[in-house]
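Before reading on, please look through the sequence and the model, and keep both at hand while the report takes you from one part of the chain to the next.

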Amino acid sequence: MPEQTYLNWPFLEDRHRELAVEFRCWADREIAPLSEKEPKDDAGLDDLARELVKRLAAGDWLQYSVPSPWGGKYETLDVRALCLMRETLAQYSGMADFSFVMQGLGSGPISLFGSEEIRRKYLPDVAAGKRIAAFALSEIDSGSDVAAMTTNARLDGDHYVLNGAKTLISNGGLADQYVVFCRTEDAPGARGLSALVVDADTVGFDVTERFDVIAPHPLGRLQFTDCRVPTANLLGNPGDGFKIAMSSLDVFRSTVGAAALGFARRAHDEALAQARRRISFGKPIADYQLIQEKLADAAMKIDAAALLVYRSAWTKDTQGGRLTREAAMAKLYATEMAQEVIDQAVQVWGGMGVVVGSTVERLYREIRALRIYEGTSEIQKLIIAGEALSATEAEETAKAAE
Ligand code: COS
């Protein structure tokens with residue numbers, strides 16, 4: 001059992017502490033048995049994802065993915081709860097973490113910006129696990145540079161006609177509904193984007209490719225060819241797309257840090273167990289100071305990451321509004337830290353750590369994508385530096401005005 005003193009930190013409330021304990025018991029029973037084997041093909045992956053959504057829904061855990069007026073647990077998305085749940089699931093299975101968070105991220109733009117009608121139509125089914133959700137932002141030449149996207153939608157009466165392609169979309173091929181970001185306006189860059197909810201059975205929508213990645217997850221390429229989407233499925237106003245994408249990421253980026261934290265905690269536990277068990281030169285390797293250094297570094301960095309993750313989640317939950325800087329720090333530090341901690345856990349395991357099927361080998365593959373998706377580490381650094389620079393500029397301007 002990983003170290004849990006962080007549950008006493010002041011960022012959390014008693015309801016979070018209770019959730020953490022209850023959710024861990026449930027995951028131990030319902031998720032641990034599913035985490036043994038990785039599916040070998042797309043059909044196996046899709047079956048596993050559906051089974052995970054079904055189990056999460058049966059436990060009422062997907063209610064944390066949407067706000068309470070539309071089938072959810074709390075009035076607004078509770079980032080601390082989402083973080084605790086991702087952190088827990090990641091300790092058992094990357095796919096369980098993925099299936100859980102995609103219900104929240106995939107429907108997040110609807111929760112945050114949908115009309116009452118759209119929320120009522122989609123959110124209760126997401127919370128009940130009856131519909132699987134997806135968030136379609138990235139394109140082949142537009143990952144970090146969101147404003148460069150070329151997928152476009154032209155207004156035609158009471159429909160938008162959508163054309164273009166999205167790539168590496170989580171749940172692509174599996175989801176029942178996609179929030180698709182596209183260009184609708186003449187305004188350049190970020191100002192010309194909008195967000196539409198597209199049902200998977202809409203004529204003109206196709207999943208043209210599935211991707212094999214180092215840690216298998218359902219990822220697809222989406223194609224839209226004269227795909228007609230009702231204007232009622234527009235989220236917010238025309239031109240709000242960039243703001244909708246960034247606001248959704250403001251909620252979910254901290255949770256990527258939390259998932260990384262879960263992977264790191266599991267790797268640290270595996271390293272501790274192996275260090276005590278493995279005998280080398282006549283004694284357990286835990287007795288050697290070079291091994292202790294690795295264990296000490298991991299324990300300290302895990303706590304540092306947890307502080308940033310729960311600081312960020314607490315800030316969003318208690319203060320609302322934009323949360324770019326804290327979320328960027330949490331995601332950047334926790335994902336980079338987890339990569340390092342897992343790498344060192346593999347080192348402690350030695351040869352057995354690179355054998356396919358060992359837990360640290362799986363974690364070594366699982367963590368890699370988290371330094372890329374929902375904003376690369378490099379983008380997070382640009383965000384943090386940008387905020388620091390503009391704070392200094394604002395201070396100087398204020399002084400000059402005195
Ligand atoms: N919430 C609400 N509005 C936001 C916002 C946020 N978090 N961040 C930016 N905006 C608004 C800004 O206020 C600005 O509006 P105005 O033009 O009205 O002033 C507009 O959006 C553009 O903002 P900005 O100029 O800061 O955007 P940049 O083009 O500089 O881009 C980065 C910012 C690079 C940080 C952004 O594109 C990004 O995060 N990229 C990574 C995207 C990503 O995560 N991709 C992975 C795919 S998802 S798996």
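The report below describes a predicted model, beginning with its domains and going on to its pockets, cavities and salt bridges.

## Domains and the contact between two of them

The domain assignment divides the protein chain into domain 1 (5-132), domain 2 (134-238) and domain 3 (243-394). The centres of domain 2 and domain 3, taken over C-alpha atoms, are separated by 30 Å, and the contact between these two domains takes 12 residues from domain 2 and 10 residues from domain 3.

About 770 Å² of area is buried between domain 2 and domain 3, and carbon and sulfur atoms give 77% of it. On the side of domain 2, Phe135, Ser144 and Ile214 supply 46% of the area that this domain buries against domain 3, which is more than any other three residues supply. The count of salt bridges between domain 2 and domain 3 is zero.

## The largest pocket

The largest pocket in the model has a volume of about 1,400 Å³. Its lining is made up of 49 residues, and those closest to the centre of the pocket are Ser138, Ile372, Tyr373, Glu374 and Gly375.

Which elements give two or more residues to the lining of the largest pocket? They are α4 (94-113), β3 (159-170), α6 (241-277), α9 (359-366) and α10 (377-401), and the largest share, eight residues, comes from α6. When the residues of this lining are sorted by class, 24 are nonpolar, 12 are polar and 13 are charged.

## The second largest pocket

The second largest pocket has a volume of about 410 Å³ and is lined by 23 residues, among which Thr76, Leu77, Leu112, Val251 and Lys316 lie nearest its centre. Two or more residues of this lining come from each of α3 (79-92), α4, α6 and α7 (289-319). By class, the lining of the second largest pocket has eight nonpolar, six polar and nine charged residues.

Where does the second largest pocket lie with respect to the domains? Because domain 1 (5-132) and domain 3 (243-394) both give residues to its lining, the second largest pocket lies between these two domains.

## Two cavities

The model also has two cavities of 30 Å³ or more. The largest cavity holds about 130 Å³ of space, and of the 15 residues that line it, Lys37, Glu38, Ser93, Met95 and Glu366 lie nearest its centre. At least two residues of this lining are supplied by each of α2 (42-58), α4 and α9, while domain 1 and domain 2 each give at least three residues to it. The lining of the largest cavity has seven nonpolar, four polar and four charged residues.

The second largest cavity has a volume of about 60 Å³, and the residues that line it are Ala267, His268, Ala271, Lys294, Leu295, Ala298, Val341, Gln344, Ala345 and Val348. The elements that give two or more residues to this lining are α6, α7 and α8 (324-349), with the largest share, four residues, coming from α8. Sorted by class, the lining of the second largest cavity has seven nonpolar residues, two polar residues and one charged residue.

## Salt bridges

How many salt bridges does the structure hold? The count is 22, and one pair is worth finding in the model. The side chains of glutamate 13 and arginine 80 meet in a salt bridge, with a distance of 3.2 Å from N to O. Glutamate 13 lies in the segment before α1 (14-30), whereas arginine 80 lies in helix α3, so this pair ties together parts of the chain that are 67 residues apart in sequence.

## Elements that return

Some elements take part in the lining of several of these spaces, and it may help to follow one of them through the model. Helix α6 gives eight residues to the lining of the largest pocket, is among the elements that give two or more residues to the lining of the second largest pocket, and is also among those that give two or more residues to the lining of the second largest cavity. Helix α4, in turn, is among the elements listed for the largest pocket, for the second largest pocket and for the largest cavity.

Conventions. Residues are numbered from 1 along each chain as its sequence is written. This is a predicted model: local features need pLDDT of at least 70, side-chain atom pairs count only at pLDDT 80 or more; totals for chains, interfaces and linings use all residues. Side-chain values use heavy atoms; hydrogens and water are left out. On a 1 Å grid over the protein atoms alone, a cavity is a set of points where a 1.4 Å probe fits but cannot get out, and a pocket is an open set with protein on both sides within 12 Å along at least five of seven lines; lining residues have an atom within 4 Å of a point. Grid points are joined across faces, edges and corners, and a volume is the space filled by probe spheres set on the points. Ala, Val, Leu, Ile, Met, Phe, Trp, Tyr, Cys and Pro count as nonpolar, Asp, Glu, Lys and Arg as charged, and the others, Gly among them, as polar. Domain bounds come from an automatic or database domain assignment. Contact means heavy atoms within 4.5 Å. Buried area is the accessible area (1.4 Å probe) that two parts lose on being put together, summed over both. A salt bridge is a side-chain nitrogen of Lys or Arg within 4 Å of a carboxyl oxygen of Asp or Glu.
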